[in-house]
Amino acid sequence: MASIARVPLAVETRAPGGETNAYAIGERGGVLLDPAARSPGLDSLADAREVAHVLVTHTHPDHVGSVAEYASHTDATAWAHADHRDRFVHATGIEPDRVFEDGTELGAGNGDLTVLETPGHAPDHVSLATEEGILVGDLAVATGSVAITAGEGHVGNYLDSLRQLREMSPEKLFPAHGSVIDDPDETLKRLIEHRLEREQRVLAAVRDGARDLGAITDAAYEKDVSSVRDLAEGTVAAHIEQLARDGEVTWNGERAEPV
Ligand SMILES: [Zn+2]
């Protein structure tokens, strides 16, 4: 059994709750995932479990804060995504000892772990499959939705990643923010539907005459998004990019036109 322990850490994050979950996986010689900050609780867990591997689901700032410290404190092997090694070095300040790719297996003491490439929220995003469930980073949350914003985000890849996980029928999902997800199928379905609904609203806004990001955002959201305007516009831009890839609109970065 892979024995997964969750340690919420206070960090600067735009995720609701202001915390990122670090996880220790495996009773002995296992994995430390997303050590976003140092804490006494995580210190003792890492020591008690003799953590042997340190990695992150992706290299956003609210996930990487203490990778360097824990890698040196535990003498664990630091892993990076093979295709995004430079991002890891830039974000953590350390060179990885090894690199993983889709399907890489990490011995986690009492249970095996498989790396799954799950891009969409970020290009270097991965999840970890274990027999207890899947550690999903910022791919899923128990309530609300995940930010998929232009630049880092890719809506088509995100939907593919959600569908891939859903097909695996995991028992639980362990997200990087918020509580453990006990109803993976329902949550993944909800997140897929949420994205597709937003996409339809963005497309309808363009078809109804909205052309620039501001106007399309105003038309695509019913609720007041002024406090998170940059995230809302980033999300809408990611959807327009996907609609352009799908041939539904043209988009030059400033102006969208229906096709
Ligand atoms: Zn992130």
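What covers the buried residues of helix H6? The cover includes helix H5 (155-167), strand S11 (173-175), helix H7 (213-220), helix H8 (229-245), strand S12 (249-251) and strand S13 (256-258). The model discussed here is predicted.

**Helix H6**

Helix H6 takes in residues 184-207. Its 24 residues, at 1.5 Å a residue, should span 34 Å, and this agrees with the 34 Å between its end C-alpha atoms. The buried residues of H6 are Pro184, Thr187, Leu188, Leu191, Arg195, Glu199, Val202, Leu203, Ala205 and Val206. Just after the helix comes glycine 209, with a positive phi of about 115°.

**Overall form**

Eight helices and 13 strands make up the secondary structure of the protein. With a radius of gyration of 19 Å, close to the 18 Å from the globule rule for 259 residues, the protein is as compact as a globular protein of that length. Along the principal axes, the C-alpha atoms fill a box of roughly 60 × 35 × 30 Å. Buried residues amount to 48% of the 259. Among contacts with a separation of 6 or more, 55% are between residues 24 or more positions apart.

**Domains**

The assignment divides the protein into domain 1 (4-182) and domain 2 (193-258). Their centres, taken over C-alpha atoms, are separated by 30 Å. Contact between the two involves ten residues of domain 1 and twelve residues of domain 2. On the domain 1 side, the touching residues comprise six nonpolar, four polar and no charged.

**Strand S9 and its hairpin**

Strand S9 covers residues 126-130. Five of its five residues are buried, so the strand is largely enclosed by the rest of the structure. In a regular strand, side chains alternate between the two faces of the sheet. For S9, one side carries Val126, Leu128 and Thr130, the other carries Ser127 and Ala129, and both faces are covered.

The partner of S9 is strand S10 (residues 133-137), which runs antiparallel to S9 and is joined to it by three bridges. Leucine 128 stands opposite leucine 135 of S10. The two strands form a hairpin, with two residues between them.

**Individual residues**

Two residues that are not glycine have a positive phi: glutamate 50, at about 50°, and aspartate 75, at about 60°. Glutamate 50 is placed in the loop between helix H1 (40-48) and strand S4 (53-55). Aspartate 75 is found in the loop between helix H3 (67-74) and strand S5 (77-81).

A third residue, threonine 250, belongs to strand S12. Beyond its neighbours within four places in sequence, threonine 250 is in contact with Ala244, Ala256, Glu257 and Val259. From threonine 250 to alanine 46 the C-alpha distance is 50 Å, and the two are 204 residues apart in sequence.

The table gives the exposure of these three residues.

| Residue | C-beta neighbours within 10 Å | Class |
|---|---|---|
| Glutamate 50 | 15 C-beta atoms | partly exposed |
| Aspartate 75 | 11 C-beta atoms | exposed |
| Threonine 250 | 14 C-beta atoms | partly exposed |

Why does aspartate 75 count as exposed? A residue is exposed if 12 or fewer other C-beta atoms lie within 10 Å of its own, and aspartate 75 has 11 such neighbours.

Key: Residues are numbered from 1 along each chain as its sequence is written. This is a predicted model: local features need pLDDT of at least 70, side-chain atom pairs count only at pLDDT 80 or more; totals for chains, interfaces and linings use all residues. A residue is buried if 20 or more other C-beta atoms lie within 10 Å of its own, exposed if 12 or fewer, and partly exposed in between; C-beta atoms are placed from the backbone. Helices (H or I, at least four residues) and strands (E, at least two) are DSSP runs, numbered from the N terminus. Two strands pair if DSSP finds at least two bridges between them. The expected span of a helix is 1.5 Å times one less than its number of residues. Two residues are in contact if their C-beta atoms, placed from the backbone, lie within 7 Å. The radius of gyration is taken over C-alpha atoms; the globule rule is 2.2 Å times the number of residues to the power 0.38. Domain bounds come from an automatic or database domain assignment. Ala, Val, Leu, Ile, Met, Phe, Trp, Tyr, Cys and Pro count as nonpolar, Asp, Glu, Lys and Arg as charged, and the others, Gly among them, as polar.
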